[in-house]
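Some labels attached to a structure rest on a cut-off, and it helps to see the value set beside it. The turns below do that.

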Amino acid sequence: MTAFIPPTYPLRPINGGPLNKALPKSGDWSYEPKYNGWRTLVHVPTGAMFNRKCERLSIESEFAPALRLLRATLDAEAFEWVDCEALERRHGIGRGTLIVLDVIPHENKYDYGQRRAWLTPGILPFLYPSCRPEDNALFQSARIDAKLADEYWRLLPTYNVHFGCGFFEGLVAKRTNSLYPKQLRSATEEYHLWMKHRWAF
Amino acid sequence: MRYTPSTVVDQPTMPAAGLATPGAAPGLPAAGPGLKKVNFGGITKKKEDTKTAYPVVPDPNGQFAIIAARIKQRVDEFDALEAALETDKKELRCLVTPFYFTNSHGKADVASSVSVQSAAGEVLVTFQNRYKQLPDERSLVPILGEHVASYFKQSFELKIDGDKLPADGADDLLAKLQALFAEYNAADALSVKECVKPQSDFHAKRHLLLTTEQNMAIDEACPIVAMIKTKGRK
């Protein structure tokens, strides 16, 4: 059997430093919580998982229930690859759970707003920051309006306190017109239309 | 029901009012299937602090602390400024690239930079004869077809410079090298780093021989290294 790999490394945001020190961004941006997990690309037709270096994830079997949900939920022809955060081992919350961050379309012409709009929240629920995810579940990342980013920047650490761990690491800003350019040149190449803002732990 | 790209719905973003506190969650929509509200009784025990403790330098006047605090603050400010600058540079590069290829098309002598005029002065976007390496040629084949080898070549490094080996004898030489290492049970000591990169004359001939559309498509697969220059420009 021929080994297959994802069509791209997962997009890697630029480090924007703490949000409260960040300079104004141009254009329209949307925010998501930055979850403390393992970045993974999932091949929907097979359920194969790959890490940020496009290597097969060694702990894939620990996500079997979430993968079954994912494969039953997404149309593998339309969404062959999805970009997820896998929750496992780093803290005790949501073990075996997958959070869908994005989908990787075949054609690089759909922007972030369009891609996220494909994921109907009625079927694939948002993981709201105040909710502690259960184990072996499937969610999509919460979306935070840019107007509320500062508020969530202050609020999320209080959830970490209540959760008893660093479940949230900060926020990731994504420009709403950002595409998902595919590249297998380098796992460390950064994408300038995504920016992460982290608290210093 | 399964998702398809045509399944587009209005998607709510986080509500503007009633930001939730854990356990209360006022203003947030009801949790969907699989969600569990925060239960204070089930707070995960906080992990022991595993940070290594180092000896603390005496600082009787607090002078070191003032400098340390300043460094911490400026690192944050520096990260923010660097990210904003990097975003603007990359965006400007993306925006001017179509002009660069259009303007250069059909020319043998191509300007290395394009000038962007602003009220604050001129900024140059300089397109260098440097390219990012590719893992393989797969992304180029749809653009260049059978001509890929005219523009790109395989490169490799075995702790020897593969570019400097004679093309004719390279295969034979490498086979012998591997056999030699295997003879001494040292095959694992050999590692190879392979990539695909442009031929040495690619930068010059791409503008003459390829269309603007081809150059744009190649630039997505194998970006030209561009610099943003502001120094010495008014």
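The expected span of a helix is 1.5 Å times one less than its number of residues. The model discussed here is predicted.

Q: How do you know that the span of helix H4 (residues 170-183) of chain B is close to the expected one?
A: H4(B) has 14 residues and reaches 20 Å from its first C-alpha to its last. The span expected at 1.5 Å a residue is 20 Å, so by the rule of 1.5 Å times one less than the number of residues the two agree closely.

Q: Why is H4(B) said to lie largely in the open?
A: A buried residue needs 20 or more other C-beta atoms within 10 Å of its own. Of the 14 residues of H4(B), the number that count as buried is zero, so the helix lies largely in the open. After this helix comes B:Asn185, with a positive phi near 50°.

Q: What share of chain B counts as buried?
A: Of its 234 residues, 13% count as buried. The chain has six helices and six strands, in the pattern β-α-β-β-α-α-β-α-β-α-α-β along the sequence.

Q: Why is A:Ala187 called partly exposed?
A: Exposed means 12 or fewer other C-beta atoms within 10 Å, and buried means 20 or more. A:Ala187 has 14, so it is partly exposed. This residue lies in the loop between S11 and S12 of chain A.

Q: How do you know that A:Ala187 touches A:Tyr9?
A: Contact requires C-beta atoms within 7 Å, and A:Ala187 has such contacts with A:Tyr9, A:Arg52 and A:Lys53, leaving aside residues up to four places away in sequence. The C-alpha atoms of A:Ala187 and A:Tyr9 are 5.7 Å apart, although 178 residues separate the two in sequence.

Q: What makes the buried residues of helix H1 (residues 64-73) of chain A line one face?
A: A:Ala66, A:Leu67 and A:Leu70 are buried in this helix. Viewed down the axis of H1(A), its buried residues fall within an arc of 100°, so they line one face. On the face turned away from the buried side are the exposed residues A:Ala64 and A:Ala72. The cover over the buried residues includes strand S3 (38-43), S6 and strand S9 (138-141) of chain A.

Q: Which residues touch the most other members of the largest nonpolar core?
A: This core has 57 residues, and those touching the most other members are A:Leu70, A:Val82, A:Cys84, A:Leu98, A:Ile99, A:Val100 and A:Trp194. Strand S6 (residues 97-104) of chain A gives the most to this core, with six residues. Leaving aside residues up to four places away in sequence, A:Cys84 touches A:Thr40, A:Val42, A:Leu98, A:Ile99, A:Val100 and A:Leu101. A second core, separate from this one, has nine residues, including B:Leu134 and B:Phe202.

Q: Why are strands S1 (12-15) and S10 (144-145) of chain A said to stand at the edges?
A: The sheet is open, with five strands in the order S1-S12-S11-S2-S10 and mixed pairing. S1(A) and S10(A) each have a single partner strand, so one side of each is left without a neighbour in the sheet.

Q: How do you know that strand S2 (residues 29-35) of chain A pairs with S10(A)?
A: Pairing takes at least two bridges. S2(A) and S10(A) have two bridges, in the antiparallel sense, and A:Ser30 has A:Asp145 as its bridge partner. Helix H3 (residues 149-163) of chain A packs on the sheet, touching S2, S10 and strand S11 (168-175) of chain A.

Q: What makes S3(A) a partner of both S4(A) and S5(A)?
A: With two bridges as the minimum, S3(A) has six to strand S5 (residues 81-87) of chain A and three to strand S4 (residues 48-50) of chain A. Both pairings are antiparallel. A:Val42 stands opposite A:Val82 in S5(A), and A:His43 stands opposite A:Ala48 in S4(A). S3(A) and S4(A) form a hairpin with four residues between them, where A:Gly47 in the turn has a positive phi of about 80°.

Key: Residues numbered from 1 in each chain as written. Chains lettered and ligands numbered in written order. Predicted model: local features only at pLDDT ≥ 70, side-chain atom pairs only at ≥ 80, totals over all residues. Core = buried A, V, L, I, M, F, W, Y, C linked by C-beta atoms within 7 Å. Contact = placed C-beta atoms within 7 Å. Axes fitted to C-alpha atoms, helices over the stretch in contact; angles between N-to-C directions. Arc of directions from axis to C-beta.
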